[in-house]
Amino acid sequence: MDNDSSTRTTHPALFEPLTVRGLELPNRIVMSAMTRSSSPEGVPGADVARYYARRAAGGTGLIVTEGVAIDHPAAVDNPRVPRMYGDAALAGWRSVVDEVHAAGGKIIPQLWHVGPLWGAMSEVDPQITPMRPSGLWGTPGTTSYSDEYVAQSLPMTEPMTESDIDAVIAAFAQAAVNAAEAGFDGVAVHGGHGYLLDSFLWSDTNRRDDRWGGDLDARTRFPAEVVRAIRGAVGADLPIFFRFSQHKQQDYTARIAETPEELGVILRALTDAGVDVFDASIRRFDLPAFDGSDLSLAGWAKKLTGALSMAVGSVGLGKPMRDSRIEGAAPVVDNIGEVGRRLGSAEFDLIAIGRMHLADPELATTLRGGAPLTPFDRAVHEGSLV
């Protein structure tokens, strides 16, 4: 389907309100987390506030910020990624939140620890040990990382100790408290893509034989304890979103669950710990997650747990941005009707849209009015802080 607005009507399900604990959303459109690297020394400035406020003013129901570093030495290696600690950074976030709220929007931060992928974004302090469950980076497979980075990362490091694990759990909980005190409307936790929480779920990187490793129940314990600590720290009113994925940046073909039953073990443990919304990260939102069913990954998350779920991946684009860098342009494809159809059937509850929000800060208004989607332009769809 092309992007001629005369061939598209926006499904009303996109604009139904939704309440998640104390968070009231006017529609189901979410701005997905996208790293911007525009916060020098981890401090978000006035340009970051304007960037998010523009999307709020454009009608987007919920904004999920780029990944935000928790207060741990090996959390994030890029000094231009914002952090959720320190007086200057927290003051910056309060300004961001205030501007988004003034524009009528809602905003939550995505709390982040890169774990094994420490060093992928910038030069790092060699004295800092990456946090890895078993000292493993992960078996390389289909990846967009350079051969040089992979070679540098493959040597084993010391596995995380009990004190390392305790420190990271505490840092996640404190970051959530800091976010609540800054006025955010909830918190999101990055538990996918081969980063720290996901590396405990993945059997390739978690080969521990203590209570944090072994079978799937045990491998889920660490991310569940992170969520449980956050829930205990922020109380009952603040919603918790949790991003998970099958794929890893170490290997896009890797999986944490081969069957729906295995996925249910993971997600039910996280629901019991306090997750309200599962952010099911996949390269295309409508791909079937398992053989024998057309149900998407977000659809399975909702079916298996009864929790709310959010789909994401290539909304408005003909191919994932990673593929387009390798193969050429990612043509704009108007798949909004399919998004609306699945929302309308209650397969999932929210749709997170990334690159189209960079191209069009008023995306929600565009979708409501049925106007054409912005034609593909790599500079715009990968975008700077505009």
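These exercises work through the barrel, the helices and the cores of a predicted model.

Local features need pLDDT of at least 70, side-chain atom pairs count only at pLDDT 80 or more, and totals for chains, interfaces and linings use all residues. Residues are numbered from 1 along each chain as its sequence is written, and side-chain values use heavy atoms, with hydrogens and water left out.

**Exercise 1. Trace the barrel and state how its strands pair.**

Step 1. Take strands as DSSP runs of E with at least two residues, and helices as runs of H or I with at least four, both numbered from the N terminus. Two strands pair if DSSP finds at least two bridges between them.

Step 2. Eight strands close into the barrel, in the order E3-E4-E5-E6-E7-E8-E9-E10. The pairing is parallel. From one strand to the next, the twist averages 25 degrees.

Step 3. Look at E3 (residues 29-31) and E4 (residues 62-69): two bridges join them. Val-30 stands opposite Leu-62 in E4.

Step 4. Move on to E4 and E5, which pair in the parallel sense over five bridges. Here Ala-69 has Trp-112 in E5 as its bridge partner.

Step 5. Check burial, where buried means under 20% relative accessible area, exposed over 50%, and partly exposed in between (1.4 Å probe, protein chains only). In E4, eight of eight residues are buried.

Step 6. Add the helix outside the strand list. H1 (residues 46-57) lies across E3, E4 and E5 (107-112). H1 runs at about 155 degrees to E4. Axes are lines fitted to C-alpha atoms, for helices over the stretch in contact, and angles run from 0 to 180 degrees between N-to-C directions.

**Exercise 2. Classify the packing of H8 against H9, then of H7 against H8.**

Step 1. Set the classes: under 35 degrees is roughly parallel, over 145 roughly antiparallel, 65 to 115 roughly perpendicular, and the rest oblique.

Step 2. H8 (residues 260-273) and H9 (residues 297-305) pack at about 65 degrees, with axes 9 Å apart. H8 and H9 are therefore roughly perpendicular.

Step 3. Find the touching residues, with contact meaning heavy atoms within 4.5 Å. H8 brings residues including Leu-263, Leu-267 and Thr-271; H9 brings residues including Trp-300 and Leu-304.

Step 4. H7 (residues 221-234) and H8 pack at about 20 degrees, with axes 8 Å apart. H7 and H8 are therefore roughly parallel. Among the residues in this contact are Val-227 and Arg-231 of H7 and Leu-270 and Asp-272 of H8.

**Exercise 3. Find the residues that touch the most other members of the largest nonpolar core.**

Step 1. A nonpolar core is a set of buried Ala, Val, Leu, Ile, Met, Phe, Trp, Tyr and Cys residues joined through side-chain atoms within 4.5 Å.

Step 2. The largest such core has 105 residues, and Tyr-52 and Phe-222 touch the most other members. Helix H4 (residues 162-181) gives the most to this core, with eight residues.

Step 3. Leave out neighbours within four places in sequence. Phe-222 then contacts Ile-165, Val-168, Ile-169, Leu-196, Leu-197, Phe-200 and Trp-212.

Step 4. Another core, of 16 residues, lies apart; Leu-18, Val-64, Ile-108 and Ala-188 are among them.

**Exercise 4. Decide whether loop residues Asp-349 and Ser-314 are buried or exposed.**

Step 1. Asp-349 is in the loop between H11 (336-344) and E10 (350-353). Its relative accessible area is 7%, so Asp-349 is buried.

Step 2. Beyond four places in sequence, Asp-349 touches residues including Leu-18, Arg-28, Lys-302 and Leu-343.

Step 3. Ser-314 lies between E9 (308-312) and H10 (321-327). With a relative accessible area of 13%, Ser-314 is buried. Its C-alpha atom is 6.4 Å from that of Arg-283, 31 residues apart along the chain.
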